[in-house]
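Open the model in your viewer and keep the sequence panel in sight. Have your selection tool ready.

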Amino acid sequence: MTSSGEQAHEAPGEHVPTPGVPEPRVAERIGMAVVGAGYWGPNLVRNAQQTAALRLHWLCDLDEARSRRVLGEYSTVRSTTSFEQVLADERVQAVAIATPAAAHYKLVRAALEAGKHVLVEKPITTSADDAAELCELAEARGLVLMCDHTFCYTPVVRRIRELVHGGELGDIQFFDSVRINLGLVQPDVDVLWDLAPHDLSILDFVLPPGVEPVGVSAQGADPIGAGRACVAYLTVRLSNGALAHCHVNWLSPTKVRTTMIGGSRRTLVWDDLNPQARLAVHDRGVDLTPPDELTDAIRHQALISYRVGEMVAPALVEQEALRNVMAEFAASITEGRAPLTDGRSGLRVLRLLHAASRSLELGGATVPVESAGDVELITAQERATAR
């Protein structure tokens with residue numbers, strides 16, 4: 001268990017108390033525990049404590065000294081090494097899990113069986129079959145199972161989703177993302193499993209209803225002899241005939257974080273490293289004259305015309321995405337609904353990753369998403385320990 005877009009109005013997680021109106025009483029808040037005090041756990045702790053609808057009771061980690069350092073000397077939150085003690089506490093209604101992925105299945109299942117709502121870091125598990133089982137368990141028990149796809153709760157990605165779902169871009173024609181930098185080569189996963197989950201979760205979040213991935217192909221290279229792919233290109237075929245492409249790279253001397261989504265009406269460009277203009281929407285593109293509109297007079301002319309229009313940079317409110325994650329988790333529990341990034345979204349992303357790994361094994365062949373199967377990412381001993 002040791003770990004590893006809003007519109008201008010008030011957004012989820014940006015609660016501003018009205019003068020004279022008290023904050024919700026502790027008894028009305030959702031009791032919560034965080035499991036894992038490593039890299040991401042402290043961020044969950046901080047944002048849970050700053051979310052009015054939540055009341056943090058426990059921080060659980062096998063290294064209790066680390067938990068105490070995270071909490072500080074004067075915190076009223078208790079630390080423990082016992083996950084069972086956390087689950088036995090009737091005040092705890094929800095659990096956030098930030099441990100290595102190999103432990104997710106065991107911990108999430110135990111929490112759901114104990115009647116707790118669960119927020120879990122990505123990937124939801126290491127196995128698509130295990131993830132599907134957890135989704136079914138949560139649904140059968142009427143519990144919230146939410147994946148912390150943090151980028152989906154940034155103001156810019158929320159606005160992108162609004163633009164796509166609202167038809168502002170027209171029919172989606174392509175999705176292209178670049179996530180490269182001189183990064184830390186991971187000891188247990190390749191660059192696809194390290195970086196691509198961010199872009200795949202964004203793709204899953206913004207795709208309009210009726211458009212879904214149907215096949216995946218991936219190419220990878222290990223030019224430094226690390227024993228795993230350090231550079232990779234991932235192509236996802238969509239059900240409407242469009243392509244989504246992701247480039248991930250640990251070896252780039254410069255950092256690039258860009259996403260471009262092209263539609264039949266407009267194209268948007270998101271540059272996450274440009275705080276002055278993170279998002280730009282271009283009224284530029286290629287138009288094709290429909291065959292039934294052709295006349296003898298213009299038949300000899302080109303069927304393609306280029307459209308050059310204005311560029312608009314939508315105003316975005318800067319907010320901490322993880323605060324919005326916590327607000328959405330609390331709201332989905334209170335309202336008895338599925339969160340925006342529920343367990344099923346985590347399962348869809350996991351299936352894409354498994355398909356990508358299978359494609360790498362097959363030398364880049366296209367692998368149907370639903371038939372990819374689980375690709376072993378941890379050793380048998382690690383899986384036995386995790387379970």
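What follows is a tour in seven stops, each beginning with something to select. Keep in mind that this is a predicted model.

**Stop 1: the start of helix α2**

Select residues 64-71, which form helix α2. Now add Asp63. At the start of the helix, a side-chain oxygen of Asp63 comes to within 3.2 Å of the backbone nitrogen of Ala65. Then go to the other end. Gly72 follows α2, and its phi is positive, near 90°. Most residues other than glycine have a negative phi. Look out for two further glycines of this kind on the tour.

**Stop 2: helix α4**

Next, select residues 104-113, helix α4. Which residues of α4 are buried? They are His104, Tyr105, Leu107, Val108, Ala111 and Leu112. Colour them, then show what surrounds them. These buried residues pack against three strands you can select as 30-35 (β1), 94-97 (β4) and 117-120 (β5), among other elements. Their partners also include helices α3 (83-88) and α5 (128-141), as well as strand β6 (145-147). Finish on Gly115, which comes after α4 and has a positive phi, near 85°.

**Stop 3: a cis peptide bond**

Select Lys122 and Pro123. A cis peptide bond joins the two, with omega about -10°. Most peptide bonds are trans. Where does Pro123 sit? Pro123 is in the loop between β5 and α5.

**Stop 4: helix α6**

Move on to residues 155-165, helix α6. How many of the 11 residues of α6 are buried? The count is 8, so α6 is largely enclosed by the rest of the structure. Select the buried ones: Pro155, Val156, Val157, Arg158, Arg159, Ile160, Leu163 and Val164. Two arginines, Arg158 and Arg159, are on that list. After α6 comes Gly167, with a positive phi near 85°.

**Stop 5: α5 beside α9**

Show α5 and α9 together. Their axes are 9 Å apart, and the helices pack at an angle of about 170°. That makes α5 roughly antiparallel to α9, because the angle is over 145 degrees. Which residues make the contact? From α5, select Ala128, Ala131, Ala132, Cys135, Glu136 and Glu139. From α9, select Gly343, Arg344, Leu347, Leu350, Arg351 and His354. Colour the contact by class, and you get 6 nonpolar, 2 polar and 4 charged residues.

Zoom in on Ala128 in helix α5. Is Ala128 buried or exposed? Its relative accessibility is 8%, so Ala128 counts as buried, the cut-off being under 20%. Now measure from its C-alpha to that of Leu352. The two residues are 224 apart in sequence, but 9.8 Å apart in space.

**Stop 6: α7 across α9**

Keep α9 (residues 343-361) on screen and add α7 (residues 191-206). The two axes come within 9 Å and cross at roughly 130°. That makes α7 oblique to α9. The crossing is right-handed. On the α7 side, the contact is made by Leu192, Trp193, Ala196, Pro197, Leu200, Ser201 and Asp204. The α9 side includes Ser345, Arg348, Val349, Leu350 and Leu352. By class, this contact has 11 nonpolar, 4 polar and 2 charged residues.

Select Ser345, in helix α9. Ser345 is buried, with a relative accessible area of 1%. A polar atom of its side chain lies 2.6 Å from the backbone oxygen of Asp342. Beyond its neighbours within four places in sequence, Ser345 is in contact with His149 and Asp204.

**Stop 7: Asp271 and Arg278**

For the last stop, select residues 267-271, strand β12, and pick out Asp271. Asp271 is partly exposed, at 25% relative accessible area. A polar atom of its side chain lies 3.1 Å from the backbone nitrogen of Leu273. Leaving out residues up to four places away in sequence, Asp271 touches Arg257, Thr258 and Arg278.

Follow that last contact to Arg278. Arg278 is in the loop between β12 and β13 (279-288). What does the side chain of Arg278 make a polar contact with? The partner is the side chain of Glu318, at 3.3 Å. Arg278 is also in contact with residues including Val269, Trp270 and Leu316.

How values were computed
Residues are numbered from 1 along each chain as its sequence is written. This is a predicted model: local features need pLDDT of at least 70, side-chain atom pairs count only at pLDDT 80 or more; totals for chains, interfaces and linings use all residues. Side-chain values use heavy atoms; hydrogens and water are left out. Buried means under 20% relative accessible area, exposed over 50%, partly exposed in between (1.4 Å probe, protein chains only). Helices (H or I, at least four residues) and strands (E, at least two) are DSSP runs, numbered from the N terminus. Contact means heavy atoms within 4.5 Å. Axes are lines fitted to C-alpha atoms, for helices over the stretch in contact, and angles run from 0 to 180 degrees between N-to-C directions. Angles under 35 degrees count as roughly parallel, over 145 as roughly antiparallel, 65 to 115 as roughly perpendicular and the rest as oblique. A crossing is left-handed if the near helix is turned anticlockwise from the far one by less than a right angle, and right-handed if clockwise. Ala, Val, Leu, Ile, Met, Phe, Trp, Tyr, Cys and Pro count as nonpolar, Asp, Glu, Lys and Arg as charged, and the others, Gly among them, as polar. A polar contact is a pair of N or O atoms within 3.5 Å; within protein, one must be able to donate a hydrogen and the other to accept it, and residues adjacent in sequence count only if both atoms are side-chain atoms.
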